[in-house]
Amino acid sequence: MSTEQDQLQDYMRLPAEILYQDELEALRKEDTGRIPAGWQMSPRSVLTFITGGKAGKTVITPKYIGNTRLIEMAVATLVTDRALLLIGEPGTAKSWLSENLAAAIYGNSGMVVQGTAGTSEEHVRYSWNYAMLLANGPTPEALVKSPIMRAMEDGGIARFEEISRCASEVQDALISILSEKTISVPELGKETSARKGFSIIATANTRDRGVNEMSAALKRRFNIIVLPAPSDLETELSIVKKRVGEIASSYELQAAVPADEALLKVVTIFRELRSGMTLDKKEKVKTPAGVISTAEAISLLTNSMALAASFGSGELTDEDLAAGLQGAIVKDDDKDKLVWKEYLDNVMKKKGADWRGLYQACKEMNE
């Protein structure tokens, strides 16, 4: 019979509070700081969980590699009654950070509203079990609570992903919740008031500006933190190397982890295409229409590992990387194929002998 740990290995993706259960338990055990109402640990321990360190003999792996001051500001915001809004380009770890903050503070990262064009006010406030509603009218049993309402009742953290993807009237449903810390249910003649510890962590994509711009009134209810793309090559390499290793281990890919040389090539290509300039600042390059983010680089490398494991020797080849680069960069055939071809001929071709194999493989893929 499988143990509980064996059973967990069957899941494709575990929530942060389960994935890092040992680290969270060690931090709670060693915590000597003041713990705010409704929290699982002190703000300083939350910071350690996110940025890495030690709790007794337990090594705490960093969940976010970047400016520590930004994480301090995020944690400090959640100590108060202010909600937190994380803004950034695609792939800047907004959702990953919000999940891990909720896991550390509340121990449950699963109270999530996913913002889409189809998200309604009911997803933010509450809805009804209509079979029960028709049979017995509005009753507490027929009420279907939103993740935000449940977080309010429990004094927990609710997450609102991609808030700017929602219609304006759905966004504005948050204004009274964030101001009054209550949700009124007039059909039952009652209201739910938030317990201490309740907050909302929302995320918004800078690429979505103009889709459903947040109102000034709603923005005033948040403390806003902008998460930048990795500032330098070394930081981005560290992030990519760490996440590729974790994902490869989780999926048990039967392929060797990419060598540092392969990581460097992929990250260099992404940074140059993203910035529109070669790393040495000597030549401008055209940028593709799609997102060229750190998250895309991680996905490219793990997919290339799966390709090498499934149809190759298990060792990552230039052909595997070329296939991944083609799929990641050429998303709009008409424009991106030309952008990629010019980059290959004007930039990669000139990078020297170490790049020749990858250049040839990429050229063949882009024919």
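Me: Which residues are buried in helix α9 (residues 147-154)?
Reply: A residue is called buried when under 20% of its relative accessible area is left. In α9, P147, I148, M149, A151 and M152 are buried. This is a predicted model, and burial here is computed from it.

Me: What follows α9, and what is its phi?
Reply: G155 follows α9, and the phi of G155 is positive, near 70 degrees.

Me: How many helices and strands does the chain have?
Reply: There are 17 helices and 11 strands in the chain. The C-alpha trace spans about 75 × 50 × 45 Å along its principal axes. Of the 367 residues in the chain, 47% are buried.

Me: Among contacts between residues at least 6 apart in sequence, what percentage join residues at least 24 apart?
Reply: The figure is 71%. L227, taken next, gives a single-residue view of contacts.

Me: Where does L227 lie, and is L227 buried or exposed?
Reply: L227 belongs to strand β11 (residues 222-227). Since its relative accessible area is 1%, against a limit of 20% for burial, L227 is buried.

Me: Which residues does L227 touch, not counting residues up to four places away in sequence?
Reply: L227 touches Y64, L70, L86, I87, G88, E89, T92, A93, K94 and L97. For another view of L227, take one pair: L227 and L237 are 10 residues apart in sequence, and their C-alpha atoms are 17 Å apart in space.

Me: How should I read two helices that pack, such as α4 and α6?
Reply: Begin with the axes, then take the handedness and the residues. Helix α4 (residues 43-51) and helix α6 (residues 94-106) have axes that come within 10 Å and cross at roughly 140 degrees. An angle over 145 degrees would count as roughly antiparallel, so α4 is oblique to α6. The crossing of α4 with α6 is right-handed.

Me: Which residues of α4 and α6 meet?
Reply: From α4 come V46, F49 and I50, and from α6 come L97, N100, L101, A104 and I105. Sorted by class, the contact of α4 with α6 has 7 nonpolar residues, 1 polar residue and no charged residues. L97 also appears among the residues that L227 touches.

Me: At what angle do α4 and α5 pack?
Reply: The angle between α4 and α5 is about 140 degrees, and their axes are 10 Å apart. The two helices are therefore oblique to each other. Their crossing is right-handed. P43, V46, L47, I50 and T51 of α4 make the contact with T68, I71, E72, V75 and V79 of α5. By class, that contact has 7 nonpolar, 2 polar and 1 charged residues.

Me: How do α15 and α17 pack?
Reply: Helix α15 (residues 318-329) and helix α17 (residues 356-365) pack at about 50 degrees, and their axes are 8 Å apart. That angle makes α15 oblique to α17. The crossing of α15 and α17 is right-handed. D318, E319, L321, A322, A323, L325 and Q326 in α15 meet G357, L358, A361, C362 and M365 in α17. The residues of this contact divide into 8 nonpolar, 2 polar and 2 charged.

Me: Where is E236, and is E236 buried or exposed?
Reply: E236 is in helix α12 (residues 233-251). E236 has a relative accessible area of 0%, which means that E236 is buried.

Me: What joins the side chains of E236 and R274?
Reply: A polar contact of 2.8 Å joins them. Leaving aside neighbours within four places in sequence, E236 is in contact with P230, V267, R271, R274 and T294.

Me: Where is N67, and why does N67 count as partly exposed?
Reply: N67 is found in the loop between β2 (58-60) and α5 (68-79). N67 counts as partly exposed because its relative accessibility is 43%, and that class runs from 20% to 50%. A polar atom of the N67 side chain lies 2.8 Å from the backbone nitrogen of R69.

Me: Is T139 buried or exposed?
Reply: T139 counts as buried because its relative accessibility is 18%. T139 lies in the loop between α8 (130-136) and β6 (143-145). Apart from neighbours within four places in sequence, T139 is in contact with W128 and L188.

Note on methods
Residues numbered from 1 in each chain as written. Predicted model: local features only at pLDDT ≥ 70, side-chain atom pairs only at ≥ 80, totals over all residues. Heavy atoms only, no water. Axes fitted to C-alpha atoms, helices over the stretch in contact; angles between N-to-C directions. Helix = DSSP H or I, 4+ residues; strand = E, 2+ residues; numbered from the N terminus. Parallel < 35°, antiparallel > 145°, perpendicular 65-115°, else oblique. Left-handed = near helix turned anticlockwise from the far one by under 90°. Contact = heavy atoms within 4.5 Å. Nonpolar A, V, L, I, M, F, W, Y, C, P; charged D, E, K, R; others polar. Buried < 20%, exposed > 50% of the residue type's maximum accessible area, 1.4 Å probe, protein only. Polar contact = N/O pair within 3.5 Å; in protein donor to acceptor, adjacent residues only side chain to side chain.
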